Amino acid sequence: MRRFVFLTPLALSLIIGAFAVWGLLNDRNPSEIPSALINRSVPNFDLLPLPGLNSPGLSKKELLNLEKVSVVNFFASWCLPCRAEHQSFIKLSRNDDIELLGINYKDNDKDALDWLTELGNPYTYVGNDFSGRTGIDWGITGVPETFIVNKNGKVVHRFSGPLVGERFEEFKELLMLELKLYK
């Protein structure tokens, strides 16, 4: 019985240690959280436009009527990584083969409008998700998050975090592959 009492904490420590080592050495990327939306239709949503911005709001119906590969980007003016990736979206907006759609997430209307005025508005449509309900329906964990939606309205890729540097290049490659599927 004494051996059991002595060996139990040792065995537990070894098990916990093994999981810790596995977690550190495993080749997985913790920023790549899987999405339940992959290969599924975009969720139902209907967002009003951002007041003061000359851009329509956004809904599932409008997204499905675009008949283009779409990029849906959740952003906010208070989000520093959103600011870092914004120039990437300005460049991407020059591609006529895609629709760049923005969802302003839990942001003050004036701040978001000032932010898009200052940095430029790359989005064809900007929906205002002040309550955060649409973000929940899309399964976002924070901003920025970006989704590639094919012409059939199915989510094919999800990116959590800012799309800058190598991550933006990886994103562009997947986007271009998706565009080739429909040409």
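Colleague: How do S6 and S7 pair, parallel or antiparallel, and over how many bridges?
Modeller: Bear in mind that this is a predicted model. S6 and S7 form a hairpin, with 5 residues between the two strands. Their pairing is antiparallel, and the number of bridges is 5.

Colleague: Which residue in S7 is the bridge partner of glutamate 145?
Modeller: Glutamate 145 belongs to S6, since that strand covers 145-149, and S7 covers 155-160. Within S7, the bridge partner of glutamate 145 is serine 160.

Colleague: Which residue in the turn of that hairpin has a positive phi?
Modeller: Look among the 5 residues between S6 and S7. The phi there is about 85°, and the residue is glycine 153.

Colleague: Which strands stand at the edges of the sheet?
Modeller: The sheet is open, has 5 strands with mixed pairing, and runs in the order S5-S4-S3-S6-S7. An edge strand here has a single partner, so one of its sides is left without a neighbour in the sheet. From one strand to the next the twist averages 20°. The strands at the edges are S5 and S7.

Colleague: S7 is at an edge, so how many of its 6 residues are buried?
Modeller: One side of S7 has no neighbour in the sheet. Even so, S7 is largely enclosed by the rest of the structure, because its buried residues number 5 of the 6.

Colleague: And what is the bridge partner of phenylalanine 75 in S4?
Modeller: S3 takes in residues 69-75 and S4 residues 98-105; they run parallel and are joined by 7 bridges. Phenylalanine 75 pairs there with asparagine 104.

Colleague: What is the relative accessible area of asparagine 104?
Modeller: Asparagine 104 sits in strand S4. Setting aside neighbours within four places in sequence, its contacts include Leu50, Phe75, Ala112 and Val126. It also touches Gly127, Asn128 and Asp129, among others. Asparagine 104 counts as buried, at a relative accessible area of 0%.

Colleague: Which helix lies across S3, S4 and S6, and which one touches S3, S4, S6 and S7?
Modeller: The helix across S3, S4 and S6 spans residues 80-92 and runs at about 155° to S3; that is H3. The other spans residues 165-181, packs on the sheet, and makes about 175° with the direction of S7; that is H6.

Colleague: How far apart are the end C-alpha atoms of H6?
Modeller: H6 has 17 residues, and at 1.5 Å a residue they should span 24 Å. The model agrees with that expectation, with the end C-alpha atoms 25 Å apart.

Colleague: Within what arc do the buried residues of H6 fall, seen down its axis?
Modeller: The buried residues are Phe168, Phe171, Leu175, Glu178 and Leu179. They line one face of the helix, while Glu166, Glu173, Leu177, Lys180 and Leu181 are exposed on the other side. What covers the buried ones includes S3, H3, S4, S6 and S7. The arc they fall within is 100°.

Colleague: Which residues have the most contacts inside the largest nonpolar core?
Modeller: That core has 45 residues, and the elements giving it two or more residues are S3, H3, S4, H4, S5, S6, S7 and H6. Phenylalanine 171 touches Val71, Leu92, Thr146, Ile148, Phe159 and Leu163, leaving out residues up to four places away in sequence. The residues with the most contacts inside the core are Val72, Phe74, Trp138 and Phe171.

Colleague: Is serine 88 buried or exposed?
Modeller: Serine 88 lies in helix H3. Beyond its neighbours within four places in sequence, serine 88 is in contact with Leu163 and Phe168. Its relative accessible area is 12%, and buried means under 20%, so serine 88 is buried.

Colleague: How far is tryptophan 115 from serine 77 in space?
Modeller: Tryptophan 115 lies in helix H4 and is buried, with a relative accessible area of 3%. Its contacts beyond four places in sequence include Phe75, Ala76, Ser77, Cys82 and His86. Tryptophan 115 and serine 77 are 38 residues apart in sequence, yet C-alpha to C-alpha the separation is 5.8 Å.

Colleague: What share of the chain's residues is buried?
Modeller: The chain has 6 helices and 7 strands, following the pattern α-β-β-α-β-α-β-α-β-α-β-β-α. Of its 183 residues, the buried share is 43%.

Technical notes: Residues are numbered from 1 along each chain as its sequence is written. This is a predicted model: local features need pLDDT of at least 70, side-chain atom pairs count only at pLDDT 80 or more; totals for chains, interfaces and linings use all residues. Side-chain values use heavy atoms; hydrogens and water are left out. Two strands pair if DSSP finds at least two bridges between them. Helices (H or I, at least four residues) and strands (E, at least two) are DSSP runs, numbered from the N terminus. Axes are lines fitted to C-alpha atoms, for helices over the stretch in contact, and angles run from 0 to 180 degrees between N-to-C directions. Contact means heavy atoms within 4.5 Å. A nonpolar core is a set of buried Ala, Val, Leu, Ile, Met, Phe, Trp, Tyr and Cys residues joined through side-chain atoms within 4.5 Å. Buried means under 20% relative accessible area, exposed over 50%, partly exposed in between (1.4 Å probe, protein chains only). The expected span of a helix is 1.5 Å times one less than its number of residues. The arc is that of the directions from the helix axis to the C-beta atoms.
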